[in-house]
Amino acid sequence: MNQLISGAYGLEVQIAPGQNKIELPYISSLKGKRFKHIDIVDSIPFGKSGKAVAGFMGNAEIDGYISLREENTQTMIFNNLNLDELKVLKHKGNRIAISHKISLERSFITLTTNTIEEIKVLFIVFYYDEPTVLKPKRNVLTEISDFELVLKQSRTSLLEEPKLKNRLIRNVLVDILGKTPRGNDKISSDTLMRSFITLQKRNFQFFKDIPLQLLYQVGLSESFNFENISFDFTNSFVDVVSFTNDDKKAIFFNCILEAQK
Amino acid sequence: MAFNIQNLACFEVELNPNSHRFYFKEDVIKPDMTIDEIFLFFHSAEYMEGDEYTGNPYAQKSTDDNSVLTYFNAVETLYANIADKEKDFIVNLPFYQMHVTPNLNRLQLIQNINRAIDTAKSFFYYNTTETIRCLCYITYRTSPIVLNPVMSGSFNIEIDVDTTKGFQDILLSDYIPVGYQALKLKKITTNIPDKGYFDLISDSNNIENIPFRLLYDKQPRYDLYFNEITVDYTRSYFRYRRPVIENDDPTYKFKFTFYY
């Protein structure tokens with residue numbers, strides 16, 4: 001069952017042909033954070049760097065296990081957890097709950113199968129609990145609002161949305177194809193899969209380099225369960241890898257918000 | 001996560017190219033109802049072979065113009081805008097977040113509406129290139145929900161339907177003994193996912209034209225429970241709605257299990 005999250009960090013790690021172990025890097029912004037879920041994103045063709053994602057759409061070219069070491073006790077709390085358990089296409093939104101502080105630099109992935117013939121990447125998203133974010137009140141009504149962003153270039157900043165300023169957000173949903181309520185053509189599935197979103201509040205990144213495709217939550221077993229996040233729209237942006245003129249369409253978002261009295 | 005229905009209201013919706021909005025019917029949604037969920041039910045192109053039609057419970061004959069529900073592929077846009085007395089609390093929510101396919105492709109977000117809605121200010125905005133017919137469902141409660149998934153017992157009924165007679169409204173009291181009337185229902189399951197609806201009425205509950213598809217699927221998230229409802233079987237119907245007459249095997253044997 002999906003837990004409350006208030007931050008997410010998209011990490012791309014390279015895999016070389018024949019490599020059988022991936023040491024995970026030290027990431028200062030994740031130090032001390034309580035990890036809630038981990039996604040191996042096998043539903044996008046390219047990482048943020050533009051390199052191909054190994055195991056895209058269930059390709060059996062890689063297989064293996066992840067081992068995660070707890071930060072305080074330095075015990076291996078997940079020892080050889082099958083990567084399949086974390087793959088987006090497998091769990092369909094029903095993520096394994098972790099709820100531990102993880103020492104990433106002492107955690108690793110063991111590849112038991114690696115038949116890639118060129119350098120590819122594994123795209124991993126770490127979801128965590130940011131202590132500074134206020135937990136949502138229970139039994140509070142929610143509202144659903146919308147905004148849209150017309151992509152103009154490889155990085156497009158979100159526009160100021162007065163109606164959403166300082167609102168507490170429980171989830172962000174993306175919709176594709178067809179037209180937005182304002183009559184703009186929505187992005188295609190292809191653009192969606194090459195897009196990454198960063199949501200910031202001042203210099204603090206709540207969501208960093210998260211595949212936009214993860215916010216397309218139609219048909220999943222479970223949807224995201226954000227803690228009350230608010231972010232600065234003009235300080236947040238969407239990056240599109242290998243941007244072309246065909247990508248110059250609108251991303252349509254819905255936000256689930258804590259209701260205001 | 002299972003969902004728990006105390007009452008289910010339903011009305012037929014026709015989307016046509018000359019119009020761009022439809023509103024909730026005031027006689028279906030009343031101000032004292034606390035709405036939990038709203039969803040739309042279309043025919044789906046993903047149906048299994050032999051299920052190429054989804055009958056309409058509001059049609060009386062298979063030859064009626066409105067006898068079948070249609071697939072939504074001609075719908076270019078469909079957004080929900082829902083208001084309570086104070087404000088619009090759902091703004092431009094795409095219908096993809098709401099529609100039900102045979103796999104019950106529906107998100108939890110449309111659950112937990114948890115308030116009365118203002119029908120005069122709530123509507124769906126749409127564009128379609130063809131006329132589309134679907135059903136709009138609203139789950140609501142008029143008293144607090146009782147959460148008790150433990151079953152006390154069950155009974156089974158079998159109904160043989162002669163498909164050569166076309167659409168039929170079969171009174172449930174012809175199959176269910178009067179003694180079962182006092183049992184508070186928690187669940188109904190069926191062996192056939194399509195071809196019909198239950199209209200379950202009593203003085204305290206109203207489950208209007210619930211499609212068998214919702215009783216057939218057993219996905220953990222969408223497992224459907226009734227909130228200990230009472231049913232007056234002398235006023236409740238099995239609405240058989242298969243628009244095609246089966247020539248090879250004209251009888252369908254429907255099996256239902258009622259849990260209480």
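I take two residues to be in contact if their C-beta atoms, placed from the backbone, lie within 7 Å. With that cut-off I looked up chain B and noted that, among contacts between residues at least 6 apart in sequence, 82% join residues at least 24 apart.

The model is predicted, so that local features need pLDDT of at least 70 and side-chain atom pairs count only at pLDDT 80 or more, while totals for chains, interfaces and linings use all residues. Residues are numbered from 1 along each chain as its sequence is written, and chains are lettered from A and ligands numbered from 1 in the order in which they are written.

For chain B I recorded one helix and 19 strands, taken as DSSP runs (helices H or I, at least four residues; strands E, at least two) numbered from the N terminus. Of its 260 residues, 39% count as buried, a term that requires 20 or more other C-beta atoms within 10 Å of the residue's own.

I then turned to the domains of chain B, whose bounds come from an automatic or database assignment: domain 1 covers 3-141 and domain 2 covers 154-259. I noted 23 residues of domain 1 of chain B in contact with 27 residues of domain 2 of chain B. On the domain 1 side, strand S2 of chain B gives the largest share, four residues.

Last, I looked up B:Asp194, which lies in the loop between strand S14 (187-190) and strand S15 (196-201) of chain B. B:Asp194 counts as buried because it has 21 C-beta neighbours inside 10 Å. From B:Asp194 to B:Gly55 I noted a C-alpha to C-alpha distance of 8.8 Å, with their positions 139 residues apart in sequence.

Definitions and conventions
A residue is buried if 20 or more other C-beta atoms lie within 10 Å of its own, exposed if 12 or fewer, and partly exposed in between; C-beta atoms are placed from the backbone.
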